[in-house]
Amino acid sequence: MTAVPARQISTKAEILQGILLMTIAMIVIPGMDTLAKYLSATVAPLIIGFGRFFFQAFFTLLGAMIMTGGLRTLKPKRWGVNMLRGIFLAGATFAFFTALKVMPVADAIAIFFIQPMVLTALSAIFLKEQVGPRRWAAVVVGLAGALMIIRPGFDAFGIVALLPMVTACLFALYLLTTRILAGEDGMLSMQFTTALGGGATLAIVIAVTAFLGVETTGIVIAMPNTIETSLLVAVGAISFVAHGLIVRALALAPASVIAPFNYLEIVSATLFGFLVFGDFPDLMTWAGIALIVASGMYIAHRERIRKEA
């Protein structure tokens with residue numbers, strides 16, 4: 001996900017188009033996670049994460065050449081903050097892909113959706129935003145929902161079940177730095193610098209772990225074969241397309257309008273997980289998902305009211 005300031009909307013058609021694009025993005029994104037989980041049986045999550053950023057950067061370069069005829073649009077105004085965004089996203093990607101190795105896709109994504117609650121807390125701490133007692137209560141309820149999903153998962157998967165929470169925290173930091181940029185750069189520039197920062201970070205980690213012979217998840221760091229590389233290309237392509245759809249959706253419709261459609265990702269992830277791996281959330285997991293979704297939607301509602309005040 002990303003956070004891009006939306007312009008003032010003048011027509012219902014634009015709002016509907018924004019909702020449609022966000023819906024498509026939420027249907028597509030779990031495909032990337034499903035491919036990552038499939039690859040994790042034979043490919044180290046570090047390599048999968050690097051492949052995502054490498055091929056995302058490739059498609060961004062290609063997009064810049066096709067859409068603008070040059071590469072000047074890829075240059076950001078502030079390299080430091082943009083690279084920091086990439087580092088945060090690299091950590092989030094590695095943590096999430098590691099979790100997917102053993103966890104169902106829907107469970108991991110559901111826990112990840114505590115991200116709006118984490119972002120609310122971080123915004124109050126670092127950006128000094130005013131957060132009232134009702135939004136703090138929603139944060140607590142959302143975290144309780146995550147614990148309902150993690151509790152049985154912790155018995156089955158161990159500490160790995162906590163990694164989607166780590167992902168949510170790192171992704172919230174990624175969004176926080178995105179807010180700091182406040183629309184200074186275009187979509188292609190943000191995509192490219194994020195991919196560059198994330199890819200460079202994971203490349204360094206891969207080089208160090210390979211040199212030391214460390215097995216991060218029981219799989220030795222090695223070059224993927226032709227089929228695995230093809231799937232990594234698909235992961236990068238999905239990341240590029242989904243990000244572009246989200247940015248365009250936010251440019252067409254207010255974030256408060258399309259925020260609830262983010263949770264369609266859980267539905268799509270459940271479908272992908274069931275069709276590919278035969279996984280389906282149990283009743284306790286659905287209860288936790290309901291609390292997380294309700295909390296996230298309430299926070300979005302309060303955010304809208306705060307901006308309108």
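The paragraphs below lead through a predicted model, taking its helix pairs and a few chosen residues in turn.

A starting point is the pair formed by helix H1, which spans residues 12–39, and helix H11, which spans residues 264–277: their axes come within 8 Å and cross at roughly 40 degrees. That angle makes H1 oblique to H11, because an angle has to be under 35 degrees to count as roughly parallel. As for the hand of this contact, H1 passes H11 in a right-handed crossing.

From there the reader can turn to helix H2, which covers residues 45–68 and packs with H8 at an angle of about 150 degrees, the two axes being 8 Å apart. H2 and H8 are therefore roughly antiparallel to each other, since angles over 145 degrees are placed in that class. The crossing in which H2 passes H8 is left-handed.

Two residues of H2 show how its side chains can differ in their surroundings. Arg52 has its place in helix H2, and with a relative accessible area of 11% this arginine is buried, because the term applies to values under 20%. The C-alpha atom of Arg52 is separated by 9.2 Å from that of Ala36, a residue 16 positions away along the chain. Met67, which also has its place in helix H2, is instead exposed, its relative accessible area being 54%, and it is therefore above the limit of 50% that this class requires. Met67 belongs to a nonpolar patch on the surface, which it forms with Phe58, Leu61, Leu62, Met65, Ile66 and Leu71. Together these residues present about 690 Å² of accessible area.

On H8, which runs over residues 187–212, the residue to look for is Ala207. With a relative accessibility of 47%, Ala207 counts as partly exposed, because that class lies between the limits of 20% and 50%. Ala207 and Ile221 stand 14 residues apart in sequence, while in space the distance from C-alpha to C-alpha is 9.1 Å.

A further helix pair is made by H3, residues 79–100, and H7, residues 163–181, whose axes come within 8 Å and cross at roughly 160 degrees. H3 and H7 are therefore roughly antiparallel to each other, and their crossing is left-handed. Within H3 one finds Leu89, a residue that is buried, with a relative accessible area of 6%. Leu89 also offers a link back towards the earlier part of the chain, for its C-alpha atom and that of Gly49 are separated by 9.8 Å, although the two positions lie 40 residues apart in the numbering.

The last stop is helix H4, made up of residues 105–112, in which Ala108 lies. At 0% relative accessibility, Ala108 counts as buried. The C-alpha atoms of Ala108 and Thr34 are separated by 11 Å, and the two residues are 74 positions apart along the chain.

Taken together, the helix pairs described here include the oblique contact of H1 with H11, the roughly antiparallel contact of H2 with H8 and the roughly antiparallel contact of H3 with H7. Among the residues visited, Arg52, Leu89 and Ala108 are buried, whereas Ala207 is partly exposed and Met67 is exposed.

Notes. Residues are numbered from 1 along each chain as its sequence is written. This is a predicted model: local features need pLDDT of at least 70, side-chain atom pairs count only at pLDDT 80 or more; totals for chains, interfaces and linings use all residues. Side-chain values use heavy atoms; hydrogens and water are left out. Patches are made of residues with over 30% relative accessible area and no salt bridge: like charges are joined within 9 Å, nonpolar side chains (Val, Leu, Ile, Met, Phe, Trp, Tyr) within 5 Å. Accessible areas come from the Shrake-Rupley method with a 1.4 Å probe; for residues, only the protein chains shown count as cover. A salt bridge is a side-chain nitrogen of Lys or Arg within 4 Å of a carboxyl oxygen of Asp or Glu. Helices (H or I, at least four residues) and strands (E, at least two) are DSSP runs, numbered from the N terminus. Buried means under 20% relative accessible area, exposed over 50%, partly exposed in between (1.4 Å probe, protein chains only). Axes are lines fitted to C-alpha atoms, for helices over the stretch in contact, and angles run from 0 to 180 degrees between N-to-C directions. Angles under 35 degrees count as roughly parallel, over 145 as roughly antiparallel, 65 to 115 as roughly perpendicular and the rest as oblique. A crossing is left-handed if the near helix is turned anticlockwise from the far one by less than a right angle, and right-handed if clockwise.
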